[in-house]
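Welcome, and thanks for opening the viewer. Keep the selection tool at hand and follow the stops below in order.

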Amino acid sequence: MTMIFGVPAAAFYGQLLLGLINGAFYALLSLGLAVIFGLLKIINFAHGAQYMLGAFAAYLLLETLGINYWVALFLAPIIVGAFGVVIERFLLRRITHIDHIYGLLLTFGLALVIQGTFTNWFGVSGSRYPVPEALQGGINLGFMYLPIYRAWIVAVALVVCFAVWFLIEKTKLGGYLRAGTENSALMQAFGVNVPLLVTLTYGFGVGLAALGGVLAAPVYSVSPDMGSNLLIVVFAVVVIGGMGSIVGAILTGLMMGIVEGLTKVYYPEASSVVIFLVMIIVLLVRPSGLFGKGT
Amino acid sequence: MKMMKTALATAIVSSLFMGVTAHADGHEISDNELRIGYLADMSGTYRDLAGPNGEEALKMAIEDFGGKVKGKNITVMSADDRNSPDVASSTVREWIESDKVDMIQGLVASSVSIASTKVMNGTDTMGLVNGSAASSITNEHCTPNHIHWTYDTYPLANGTASAVVAEGGKSWFMVTADYAFGHALESDVTRVVESNGGEIVGGVRHPLSTDDFSSYMLQAQSSGADVVGLANAGGDTVNSIITAGEFGLAQAGQTVAALLLFLTDVHALGAETAQGIQLTTGWYWDKDKDARAWADRFYDRTGARPSMVHAGIYSSTMHYLKGVEATGSDKASDVRAWMADNEINDMFAKGGYVREDGRMVHDMYLAEVKTPAESENEWDLYKIVRTIPGDEAFRPLSQSKCSLVK
C-alpha cells in the first residue's frame, strides 16, 4: 500500500477531499462576512446566528408548510435576508457614524438574543432535516465513499462564491457599491441611492449566511447553537484572508478547510485550534492578511 | 414598617421555641425552612437532558411530598452553571454561606459535580448528583456529602460494550471526546472490550463540540474495525451518528455503538436515523407501569417525555425529603445516613440502595432504538433488551479508591 506521511494514500486523498468540502463551506460563510465588512465596515457578529436562522427557516418551512428543500434553498435566504434588511434599517444605520466596535457589540448582542430565543423555543438537542431524495446516497470513488450531498455542497458553494466575486468586482452594480462605500456623498450627488444600496448589501450578506444554513441543515443537526462555534472559525478565516477581501475570504476558506482536515488525521486533538494558530502566525508576519491590501 | 416589626418579633419568638424543641433531640430544620438549590446547565449543550425540565421534576417531587417537610416550607432556588466548574463552585459557596441552602440537586457536567461536591465536603449541605457520568464522582472524588444517583460511566461501558462484543463486534475504533469524561469512558470501554476477548484497533480524540465528524468517520471506515465506539456526549454524539449514516458505515457492515446516549438525543435523531443503536440507560419512561404513570404527569407539565436524569432528580429528591421527615434534620450527615439505611422503591428503581461510597446502586437497562415501523409515536423509542442487575452493573466496592470505603 502506498503511504503518504504514514497514512495510506487512499485515506490521505479522502481526507484531502473532505477538507476541500469543508473549505468550500467555510468559503461561503466567510464570503458573506467579507462582503459585509468590506463594503459596509460592519463587523457582523450575528453571522453565526443568521446562518442558524437559515437552517431553522428551512426546517420550519418543511415542518409547518411542507415546503421542500429546493424551494427552501431560495426562500430561506430571502426570508432571513429580509430580516437582515430590517436590522440594518432600524438598528445598524443609527450607529454607522460612530466607532465600528459599536456595530460589533450590537450584532453580538443580537446574536445572543436570537440564539437564546431559539434555545427557549426548540431546546438544544436539535432536529433532523432529511437529505432531499435526489441527493441521497453516495459514489464510491475508490479511495473513499463520497455522499452525493457533500458534492452538492461544494458545487453550490463554489458557484455562489464565483458569482458574488463577479458581481462585486466586475459589474457596474458592484462598481457603484464599492464607490458608494468609498465616498458616499459624491455618489449621492451623482444620484445613486447609497443608503438603499447599503441596506440591500447587508441583507444580501445575511442571505448568504442563511444559504449556508440551508445547505448545512441536512448534514448537521439543526440546533440553536450550530452557528456559535462556526462563527469564530469563519472570523479567523476572514482575518487570515485579509479583512474585507472577497477573493481572500474564498481562497482562505478553501485552504483552511484542507489544513483543518489534515490536522484531523495527524493530530486530531489540535483540530479546533489549528486555524487560530495559522491566524496568529499570519497576523505576526502579515498583519493585513494574506490577501489584504495593507493598512 | 409595622409589618416588618411584627414579622421580626414572630421570627425571634419562633426561633426561641425552635431552639428549645430542636436542642431537645439535637435535630432541626435549620433556618425554619428547607432550602434546595437546583444547579444545572440551563442554556448549553446539556440543557435538554437536565435543564429547566429537571427543575420541573424537582418541583413535582416537592408538590407530591405535600410542599412541606416537618411542617416547614420548602423553597427552591436555581442557577445556570454554564458547564463551568468555576461558576458552579462560587455559586455553591454563596448558596451555602449566604443563602444557607440545605441540599443541591441537578449537577450535570462531571467537572461541575466534582468541583461542587468539593465545596460541600465538610459542610451540612447535601449534594444529589444526577446528570453527571464520570464514575470517579463516587470513586476518587467521593465525599460524605453527596450521592450519585442516576448512572455512571462504569455501567455504560459494561452494558453496551459487553453486549456488542458478545454479538461478534471484536475489533473497535474509538471516537472519543478529548476531556475527562471521554477519557474515563474510553478506558472503561477498553477494559470491557479487552476482557471479553476483543481489541481496540484505533481511535481519534476530538475536541469538545466538534461540528464536522466526516474526517473521523472516514478514519473509522478505513480502519476496518467491526465497531465504531462513540465515547462522547450530547451534540457530538448526535453529529457523529448523523455523519456515520451519511457515509454509509452500517451498509459497509460496521456497527456504531453510542456509549452515552440520552432519550433527548435519540428524540433529536429520530427513529429513522437512530434505529438499531444499542445503548445503556438508567431508566426509561416506558419501562413499567410506575414509570409510565409518572412520565405521563411529567409530559402534561412539560410537553416532553423525561430523560433518565429527570427521573433521577424526582426519585432522589423524594428519597431525600423522606429522610428529612424521618430524621427531623436537614444536616447532610443525618439525612445521608437515613438515605443509605432505607431501600429505594419508586418509579425510578426497585430495591435500590446507597453504598458507603455514595453510589446509588440500581438496575440498569440495555436498550435498542426501535425502527420507525416499531415506534408508535415520537417518544416511543427504546425496547429494553436486557436488565443489568445493579450489583453487576456498577463498579464493585472491592475495586473502590474512595476513602470512605473501609
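In which sense, left-handed or right-handed, does helix 2 of chain B pass helix 10 of chain B? Select both helices and look down on the crossing: it is right-handed. Please keep in mind throughout that this is a predicted model.

**Stop 1: two helices of chain B**

Helix 2 covers residues 51–65 of chain B and helix 10 covers residues 289–302 of chain B; their axes are 11 Å apart, and the helices pack at an angle of about 120°. That angle makes helix 2 of chain B oblique to helix 10 of chain B. Now show side chains. On helix 2 of chain B, pick B:Asn53, B:Glu56, B:Ala57 and B:Met60; their counterparts on helix 10 of chain B are B:Phe298, B:Arg301 and B:Thr302. Coloured by class, this contact between helix 2 and helix 10 of chain B shows 3 nonpolar, 2 polar and 2 charged residues.

**Stop 2: an open sheet in chain B**

Next, select strands 11, 15 and 16 of chain B. They form an open sheet in the order 11-15-16, with antiparallel pairing. Strand 11 and strand 16 of chain B are at the edges with a single partner strand each, so each has one side without a neighbour in the sheet. On average, neighbouring strands here are turned by 30° against each other, ignoring direction.

Add helix 5 of chain B (residues 153–166), which packs on this sheet and touches strands 11, 15 and 16 of chain B. The direction of helix 5 makes about 155° with that of strand 11 of chain B.

Zoom in on strand 15 of chain B, residues 364–369. Of its 6 residues, 5 are buried, so the strand is largely enclosed by the rest of the structure. Strand 11 of chain B (residues 278–281) is joined to strand 15 of chain B by 4 bridges. Two residue pairs are good to label: B:Thr280 stands opposite B:Leu366, and B:Leu279 stands opposite B:Ala367. Towards strand 16 of chain B (residues 382–388), strand 15 of chain B has 6 bridges; here B:Val369 stands opposite B:Tyr382.

**Stop 3: another sheet in chain B**

Move on to strands 12, 13 and 14 of chain B, an open antiparallel sheet in the order 12-13-14. Its edge strands are strand 12 (344–345) and strand 14 (360–361) of chain B, each pairing on one side only. Strand 13 of chain B (residues 350–354) pairs with strand 14 of chain B over 2 bridges. Label B:Val354 and its bridge partner B:Met360 in strand 14 of chain B.

**Stop 4: a crossing in chain A**

Switch to chain A and select helix 1 (residues 9–40) and helix 9 (residues 226–241). The axes of these chain A helices come within 9 Å and cross at roughly 70°. Helix 1 and helix 9 of chain A are therefore roughly perpendicular to each other. Residues in this contact include A:Tyr26, A:Leu29 and A:Leu33 from helix 1 of chain A, and A:Leu230, A:Phe235 and A:Gly241 from helix 9 of chain A. By class, the contact has 10 nonpolar, 2 polar and no charged residues.

**Stop 5: where the chains touch**

Finally, show both chains together. How many residues does each chain bring to the contact? Chain A brings 30 residues and chain B brings 34. On the chain A side, helix 1, strand 4 (145–147), helix 9 and helix 10 (246–266) each supply at least two residues. Helix 1 of chain A gives the most, with 5 residues. The side of chain A that touches chain B has 12 nonpolar, 15 polar and 3 charged residues.

How values were computed. Residues are numbered from 1 along each chain as its sequence is written. Chains are lettered from A and ligands numbered from 1 in the order in which they are written. This is a predicted model: local features need pLDDT of at least 70, side-chain atom pairs count only at pLDDT 80 or more; totals for chains, interfaces and linings use all residues. Axes are lines fitted to C-alpha atoms, for helices over the stretch in contact, and angles run from 0 to 180 degrees between N-to-C directions. Angles under 35 degrees count as roughly parallel, over 145 as roughly antiparallel, 65 to 115 as roughly perpendicular and the rest as oblique. Two residues are in contact if their C-beta atoms, placed from the backbone, lie within 7 Å. Ala, Val, Leu, Ile, Met, Phe, Trp, Tyr, Cys and Pro count as nonpolar, Asp, Glu, Lys and Arg as charged, and the others, Gly among them, as polar. Two strands pair if DSSP finds at least two bridges between them. A residue is buried if 20 or more other C-beta atoms lie within 10 Å of its own, exposed if 12 or fewer, and partly exposed in between; C-beta atoms are placed from the backbone. A crossing is left-handed if the near helix is turned anticlockwise from the far one by less than a right angle, and right-handed if clockwise.
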